[in-house]
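Got your viewer open? Here's a short tour: what to select at each stop, and what you'll find there.

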Amino acid sequence: MPDTRTTLLLGGRVHTPSSPDATAMAVTGDTVVWVGQDGPGRALHPDAEVIDLDGAFVAPGFVDAHVHATASGLHLAGLDLTGVRGPRELLSAVHAAARPDEVLIAHGWDESGWQDTRMPSRADLDEAAGPVPVYLSRVDVHSALVSTALVELAPAARTADGWSDQGPLTRTAHHLARGAARAAVSTSQRRQAQRAFLRTAARNGVVSLHECAGPDISGEEDLADLLTLAAEDGMPGVVGYWGELDAVATARRLGARGLAGDLFVDGALGSHTAALCSPYTDRPDTSGARYLDADAIAGHLIECTEARLQAGFHVIGDAAVTEVVRGFELAEQAVGQRALAARGHRLEHVEMITAEQARALAGWGVAASVQPLFDAAWGGPDGMYAARLGPERAAGLNPFATLAAAGVLLAFGSDTPVTPLDPWAAVRAAVRHRTAGAGLSARAAFNAHTRGAHRAAGIADGMTGSLVPGAPAHYAIWEAEELVVVAGDARVQRWSTDPRSRVPGLPPLEPGTPLPRCLRTVRGGQVIHDDLPSKLKG
């Protein structure tokens, strides 16, 4: 029997386009049934369970459009290298964490912020960890430092592209090493990591996640376990993507939404493996790595379109974006623009893209899954992007306003563990972009992390991700400052602050302003995180 109980939220501030001054919301079962003012709410729902919000802010639940659940869970529970500031500190941390008979997997080192940028050698790691296999991923997860004992678990890495006798492994050698480290994680350890990560997501007001899995990332068993866990009561939803060519049968067997996510066209800027049209400024000997050409990209798009599956690719550098656009052009010649656009294919990251390319992607109905905290972490004239590319090229990265103006659907994510799962921080980063004119209004940024991210997973009912009657009851309750209506910069200052404009307010996003704290997260009417004070629960 369906749940017909009604919950009535009163005395709050409800983010809804149907009533910008709403203070109350009623939910019956898994559906929002009414939004408005307290008095009418009491009259219409006299038998409802009442929650007095005491001024709390109610908003659509967040969706993180790009995550790696197991890696993030292991990172949460294990050695965190994001704070190390040099090779000695890294080696000391490894020595303290190494345990006999257990692979050491850690993440987050970033030499671009070190004063001493010398890379620890393999001999240094061996001395620090002894016989323990060690896999230490760089913050962008496209290269890693590994010990000799870990290499012994992946001997083919020694002859693969990207092998280094002493320094970090990249490209194919890194994929082999990562696979060996992943295989060393026990089933129970993996499931504990996944559960811990999903609980963390719920605590951050996240109701749904897009897991970007694949043979080079996590493995079939990993994705199957995650989807099974997410189906349990009390968990955020998970939309699974499998990044592999010629794998329609695999996607259907796993229940994946599509053959998308981290299907690599290129690598990452931090590891000098994003594919560029011109060489790296700080490494003029390389222009990165491109793993797929336009013909392979087109073939994948055609196969997925005909199979009625979502296709997608990881693409960062300008040479890789150029190849992807050419692949779409070839696919259109085979299946037609209408069929191609109907599938809602998606791209991950798309950091280096022109306005002309954005318009072309919009014509093919492409969704861009982007990560605003990349710009917060590495943008600006003194950031890693500028070091890798030079200030002029770096200033053009992550042009959210350009994508939005072209009509490309934006979906925000974290790529956790690359950057933290922190949705309000991501919204702020998109509004406060380090390049003037590249940011979004707060309204557009918030929509990209809610309704837009649902749409990027193929949910295009026009309601999911909004709090309007008839919509799924996916929402979060927040302790927040006074609400305001703001835009990201002078170019987009067009939203009226008058309530009659029907533009719902959002918490202030100025630097240094405390971000909202999640009190409760609800998915489909079911509470999946609860920190609501007992006095408010009725």
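Helices (H or I, at least four residues) and strands (E, at least two) are DSSP runs here, numbered from the N terminus. What you have loaded is a predicted model, in which local features need pLDDT of at least 70 and side-chain atom pairs count only at pLDDT 80 or more, while totals for chains, interfaces and linings use all residues. Residues are numbered from 1 along each chain as its sequence is written, and side-chain values use heavy atoms, with hydrogens and water left out.

**Whole chain.** Start zoomed out with a cartoon view. The protein chain has 20 helices and 21 strands. Its radius of gyration (taken over C-alpha atoms) is 23 Å, close to the 24 Å from the globule rule for 538 residues, so the chain is as compact as a globular protein of that length. That rule is 2.2 Å times the number of residues to the power 0.38. Show only the C-alpha atoms and they fill a box of roughly 75 × 55 × 45 Å along the principal axes.

Now switch on a surface. The accessible surface of the protein chain is about 21,000 Å², with 49% of it belonging to carbon and sulfur atoms; areas come from the Shrake-Rupley method with a 1.4 Å probe, and for residues only the protein chains shown count as cover. Of the 538 residues, 59% are buried. Buried means under 20% relative accessible area, exposed over 50%, and partly exposed in between (1.4 Å probe, protein chains only). As for contacts (heavy atoms within 4.5 Å), among those between residues at least 6 apart in sequence, 72% join residues at least 24 apart.

**Select 6-10.** This is strand β1, and 5 of its 5 residues are buried, so β1 is largely enclosed by the rest of the structure. In a regular strand the side chains alternate between the two faces of the sheet. Turn on sticks: Thr6, Leu8 and Leu10 sit on one side, Thr7 and Leu9 on the other, and all are buried.

Which strands flank β1? Add 24-28 (β3), which pairs with β1 in the antiparallel sense over 4 bridges; two strands pair if DSSP finds at least two bridges between them. Thr6 has Thr28 as its bridge partner in β3. Then add 49-52 (β5), paired with β1 in the parallel sense, also over 4 bridges. There, Leu10 has Asp52 as its bridge partner.

**Select 101.** Asp101 lies in the loop between α3 (87-97) and β8 (104-109). Check the backbone: phi is positive, about 65 degrees, although Asp101 is not a glycine. Most residues other than glycine have a negative phi, and most peptide bonds are trans. Asp101 is exposed, at 85% relative accessible area.

**Select 409-431.** Asp415 is in the loop between β18 and α18 and has a positive phi of about 60 degrees, again without being a glycine. Is Asp415 buried or exposed? Buried, with a relative accessible area of 6%. Pro417 is in the loop between β18 (409-412) and α18, and a cis peptide bond joins Thr416 to Pro417, with omega about 15 degrees. Carry on to α18 itself (423-431): 8 of its 9 residues are buried, so α18 is largely enclosed by the rest of the structure. Among them are Trp424, Val427 and Val431.

**Select 532.** Last stop: Leu532, in the segment after β21 (526-530). Leu532 is buried, with 5% relative accessible area. Add Glu479 and draw a C-alpha to C-alpha distance: the two are 53 residues apart in sequence and 9.5 Å apart in space.
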